Amino acid sequence: MKVRLIGGSIVGSRMTAPKANWLPTPIEGVLTRAVAFNSDGRGAFGELWRESWTAGLGLHFTQANLSLSDAGVLRGLHFHERQTDLWVVLEGRALVALVDLRPMLSGGDLVQPPSQTIELTSGDTVVIPTGVAHGFLALEPVRLLYLVTNEYDGTDEHGFAWSDPLAALGWPTDEPTLSERDAAAPSLTEALRSMRER
């Protein structure tokens, strides 16, 4: 068997472990990073996730999911009381919305929460902590891999209307493609009140 080496040579037998290089965002605990790709004449290789990169954040992931969305699809806004998400954009471009509900989920006043939008493209990663509502608009077809810290059982799925004025997200569309669940989602105020009344 012949092996053709492209773009360099193998030096020694040890590879150095890359660092996660998480970057903070204005919302505490929301972290981003870009996947570092090594390219040669065959294509490219990049490590999406290592357990050591998130173990230091106190996270243990138990399930992986793949979301495929056409351009114009908006998914969200969803939040969890017991689950952290790690999103990796495999392909495409997405406008990700994040709304920090943690003060209100712990009994604080129903006020305008901190929110932000960030654009992610292929190879971009974001950690979304428990209590931070999230959603995204596919600006072009998107393949999104996401790891979660709890296996799905349906008991920790919450959401509110994507266009809720209290979240003040300023989406660049008035008519996204929505699921039935997202189209029928309550206001943020109603969602939080119903959770407090449980």
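This passage walks through the overall build, the nonpolar cores, the aromatic pairs and some surface features of a predicted model.

The protein has 198 residues, of which 41% count as buried. Its fold is described by four helices and 13 strands, and the C-alpha trace spans about 65 × 35 × 30 Å along the principal axes. Contacts that bridge long stretches of chain are a helpful place to begin. Among contacts between residues at least 6 apart in sequence, 81% join residues at least 24 apart. The accessible surface comes to about 11500 Å², and carbon and sulfur atoms account for 51% of that area.

Turning to the interior, the largest nonpolar core contains 19 residues, and the members that touch the most others are Val99, Leu101, Phe160, Leu169 and Trp171. At least two residues of this core are supplied by each of β6 (74-79), β8 (93-100), β11 (132-138) and α4 (188-196). Helix α4 gives the largest share, with four residues. Apart from this core lies another one, made of 16 residues, including Trp87, Ile118, Ile128 and Phe136.

Phe160 deserves a slower look. This residue is buried, with a relative accessible area of 0%. Leaving aside neighbours within four places in sequence, Phe160 is in contact with a list of residues that includes Gly76, Leu77 and Phe79. Val99 and Leu101, which like Phe160 are among the core members touching the most others, are also in contact with Phe160. Further along the chain, the contacts of Phe160 include Ala185, Pro186, Ser187, Leu188 and Ala191.

What aromatic pairs does the structure hold? There are three in total, and two of them are described here. Phe79 and Phe160 form a tilted pair, with 6.3 Å from centre to centre and 50° between the planes. Because Phe79 lies in strand β6 and Phe160 in the loop between β13 (158-159) and α3 (180-183), this pair ties together parts that are 81 residues apart in sequence. Phe79 is buried too, with a relative accessible area of 0%.

In the pair formed by Trp87 and Phe136, the ring centres are 5.7 Å apart and the planes stand at 80°, so the arrangement is edge-to-face. Trp87 belongs to strand β7 (residues 85-91) and Phe136 to strand β11, so this pair ties together parts that are 49 residues apart in sequence. Both residues are buried, and both are members of the 16-residue core.

The surface offers its own points of interest. Leu48, Trp49, Leu66, Leu68 and Leu90 make a nonpolar surface patch of about 430 Å². Among these residues, Leu66 is found in strand β5 (residues 63-69).

Is Thr173 buried or partly exposed? With a relative accessibility of 22%, Thr173 counts as partly exposed, because the buried class is reserved for values under 20%. Thr173 lies in the loop between β13 and α3, the loop that also holds Phe160. Once neighbours within four places in sequence are set aside, Thr173 is in contact with Leu137 and Trp162. Ser106 and Thr173 are 67 residues apart in sequence, and their C-alpha atoms are 32 Å apart in space.

Conventions
Residues are numbered from 1 along each chain as its sequence is written. This is a predicted model: local features need pLDDT of at least 70, side-chain atom pairs count only at pLDDT 80 or more; totals for chains, interfaces and linings use all residues. Side-chain values use heavy atoms; hydrogens and water are left out. Patches are made of residues with over 30% relative accessible area and no salt bridge: like charges are joined within 9 Å, nonpolar side chains (Val, Leu, Ile, Met, Phe, Trp, Tyr) within 5 Å. Accessible areas come from the Shrake-Rupley method with a 1.4 Å probe; for residues, only the protein chains shown count as cover. A salt bridge is a side-chain nitrogen of Lys or Arg within 4 Å of a carboxyl oxygen of Asp or Glu. A nonpolar core is a set of buried Ala, Val, Leu, Ile, Met, Phe, Trp, Tyr and Cys residues joined through side-chain atoms within 4.5 Å. Buried means under 20% relative accessible area, exposed over 50%, partly exposed in between (1.4 Å probe, protein chains only). Contact means heavy atoms within 4.5 Å. Rings of Phe, Tyr and Trp (its six-membered ring) pair if their centres lie within 6.5 Å; planes under 30 degrees apart count as stacked, over 60 as edge-to-face and the rest as tilted.
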